[in-house]
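Work through the exercises below with the structure open beside you. Try each task before you read its solution.

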Amino acid sequence: MKKGKKRGLTIVIIALVLIAGVLAFIFINRANSTSVMSVPLSSVVKESLEEKISASGSFQADSYSVVSSKTNGVVKDVLVKPGDTVKKGDIIALVDEQDAREALTSAQIALEEISRSLYLEFSAMRSDIQRASLALDQAARAAASAEKLREVDGLAEEDYKKVLEQQNSARLACRNAEDRLRVAQGLGADKPPVLNAQKDDVFIKQTPSYKRALIAVEAAQRALEGCVIKAESAGVVTQIGASVGDRLTIQSIVAKIEDLSSIIAEVFVDEVDIGKIKEGMAAAVTTDSLLGTEIKGRVRRIWPSIMNEGGGRVCRVQVALIDAGSFPIRTGASCVTRIVSVLNSSCLIIPASSLIPGTSPYAVWLAVPDALSDAESDAASTAVLDSSENKESESAVLYTLQRREIETGLSTVSSLEVLSGLEEGDVVVSDMTMMLSEGMKVLKENIGL
């Protein structure tokens with residue numbers, strides 16, 4: 001009896017296990033048939049298609065002046081240091097004046113020598129004219145006497161011709177003497193020379209040799225004045241290029257003065273992006289020297305040429321800073337600018353990741369709201385509760401997927417313009433597109449770009 005009872009109990013246990021297995025199989029199959037997949041969804045929106053173009057560069061003062069030497073000499077004193085604020089005309093440095101004074105004295109002596117020499121030349125040319133005029137008068141009288149003698153056969157024909165030749169020679173010599181003075185005075189061929197010595201000063205100052213000597217004096221005078229090096233504009237001294245004892249030459253850089261209120265961001269945009277930006281576009285500028293600070297600005301100038309920079313081809317762009325004076329910006333500090341390029345001011349936009357890879361023409365998964373069965377409602381609610389991102393959701397929404405072909409337009413790294421195939425308000429899958437199939441049920445995870 002005991003063995004029979006044990007055998008019967010074993011059979012009951014085995015039967016119960018089989019029944020439990022069958023029920024479990026039925027429940028698992030039913031759960032699988034009603035399970036849903038949670039995927040990221042995005043709404044098709046109509047708004048501006050924008051791309052943020054990044055470019056690196058540095059801060060520069062748009063208004064600045066470079067103070068350079070206008071003389072040769074040794075620096076005697078430097079009166080400013082980097083960081084000093086100066087006004088236009090303030091003294092920056094002093095140069096030893098000895099060389100400049102000697103050069104000025106030498107140039108003045110040379111000018112006096114040229115002037116004296118020209119006075120003597122003009123005087124000599126007037127004397128030549130007087131002598132030539134006297135000789136011409138004598139030749140004219142001799143010609144008149146010869147003419148009278150010839151009339152009474154008192155002069156041979158050959159002697160008469162010699163007298164006339166002497167008169168012509170005297171006339172030519174007088175004319176040549178007058179031409180030399182006229183040319184020296186700078187007069188035209190149709191004007192006679194001025195014989196009044198009181199006018200020599202005017203003509204001498206117009207001669208090339210005098211002008212060259214005068215230019216040399218003026219240059220020497222500027223060089224002497226340049227020994228006192230002054231600021232050419234107001235601003236802050238940001239660079240000193242000379243120290244006491246240095247020997248300067250003309251155009252040696254002594255200092256740089258910048259107007260810090262005119263600071264701009266000068267950046268270099270890759271040539272593939274330069275066609276996307278225009279003057280006036282908004283920009284945001286950040287710098288490691290001001291961590292956590294974003295400075296607003298606008299594109300002010302785009303250079304017309306492409307240049308090689310750091311192994312790439314870039315275009316130089318200036319970004320004007322808005323309210324730059326409110327920030328302690330330092331010129332020369334590196335910066336990164338993000339320019340907001342508006343590709344289309346109003347169009348339908350979806351995430352670029354919504355495209356199903358490998359499709360031609362392009363296609364997306366359109367999520368169509370679906371009515372819930374009891375089993376689907378239970379599965380969806382369970383999925384919502386199990387999702388850490390959706391624990392605060394008030395209700396579960398299921399969608400049925402439909403493959404929808406679309407025509408695309410402009411694009412950015414993250415967004416895509418839709419020309420046809422979708423309407424504003426449609427919902428599409430924004431990721432995991434390769435894991436999905438037609439008619440599949442999905443859970444709405446989130447909406448919005």
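**Exercise 1. Find how strand 1 and strand 22 run relative to each other, parallel or antiparallel, and name the partner of M37.**

Solution. This is a predicted model, so treat every value as computed from it.
Step 1: Locate strand 1 at residues 37-39 and strand 22 at residues 441-444.
Step 2: Follow their directions. The two strands run parallel, and three bridges join them.
Step 3: Start from M37. Its bridge partner in strand 22 is V442.
Step 4: Now look at strand 18, residues 398-405. Three bridges join strand 18 to strand 22 as well, but here the strands run antiparallel.
Step 5: Check one pair. T400 has K441 of strand 22 as its bridge partner.
As a general point, strands of a sheet pair through backbone hydrogen bonds, in either the parallel or the antiparallel sense.

**Exercise 2. Give the strand order of the open sheet that has four strands, and say which strands stand at its edges.**

Solution.
Step 1: Write the order. It is 4-11-9-6, with antiparallel pairing.
Step 2: Read off the edges. Strand 4 (64-68) and strand 6 (85-86) each have a single partner strand, so one side of each lacks a neighbour in the sheet.
Step 3: Look at one edge pairing. Strand 6 meets strand 9 (residues 235-240) over two bridges, in the antiparallel sense. T85 has V236 of strand 9 as its bridge partner.
Step 4: Turn to the other edge. Y64 sits in strand 4. Its relative accessible area is 47%, so Y64 counts as partly exposed. Together with V66 and I253, Y64 forms a nonpolar surface patch of about 270 Å² accessible area.

**Exercise 3. Find which residues of the largest nonpolar core touch the most other members, and which helix gives the most to this core.**

Solution.
Step 1: Take the core of 38 residues. V86, I92, I229, L248, V254 and I257 touch the most other members.
Step 2: List the elements that give two or more residues. They are strand 7 (91-95), helix 2 (98-151), helix 3 (157-184), helix 4 (200-204), helix 5 (208-225) and strand 11.
Step 3: Pick out the top contributor. Helix 2 gives the most, with eleven residues.
Step 4: Zoom in on V86. Beyond its neighbours within four places in sequence, V86 contacts V80, I92, A231, S233, A234, G235, V237 and I257.
Step 5: Look for another core. A second, separate one has 25 residues, including A55, I277, M281 and L321.

**Exercise 4. Is Q251 buried or exposed, and what is the phi of this residue?**

Solution.
Step 1: Place Q251. It lies in the loop between strand 10 (247-248) and strand 11 (253-258).
Step 2: Read phi. It is near 80°, a positive value in a residue other than glycine.
Step 3: Apply the cut-off. Exposed means over 50% relative accessible area. Q251 has 57%, so Q251 is exposed.
Step 4: Repeat for M432, in the loop between strand 21 (427-429) and strand 22. Its phi is positive too, at about 60°, although M432 is not a glycine. With a relative accessible area of 26%, M432 is partly exposed.

**Exercise 5. Where is P361, and what kind of peptide bond joins S360 and P361?**

Solution.
Step 1: Go to the loop between strand 16 (334-351) and strand 17 (363-369). P361 is there.
Step 2: Read omega. It is about 0°, and the bond joining S360 and P361 is cis.

Note on methods. Residues are numbered from 1 along each chain as its sequence is written. This is a predicted model: local features need pLDDT of at least 70, side-chain atom pairs count only at pLDDT 80 or more; totals for chains, interfaces and linings use all residues. Side-chain values use heavy atoms; hydrogens and water are left out. Two strands pair if DSSP finds at least two bridges between them. Patches are made of residues with over 30% relative accessible area and no salt bridge: like charges are joined within 9 Å, nonpolar side chains (Val, Leu, Ile, Met, Phe, Trp, Tyr) within 5 Å. Accessible areas come from the Shrake-Rupley method with a 1.4 Å probe; for residues, only the protein chains shown count as cover. A salt bridge is a side-chain nitrogen of Lys or Arg within 4 Å of a carboxyl oxygen of Asp or Glu. Buried means under 20% relative accessible area, exposed over 50%, partly exposed in between (1.4 Å probe, protein chains only). A nonpolar core is a set of buried Ala, Val, Leu, Ile, Met, Phe, Trp, Tyr and Cys residues joined through side-chain atoms within 4.5 Å. Contact means heavy atoms within 4.5 Å.
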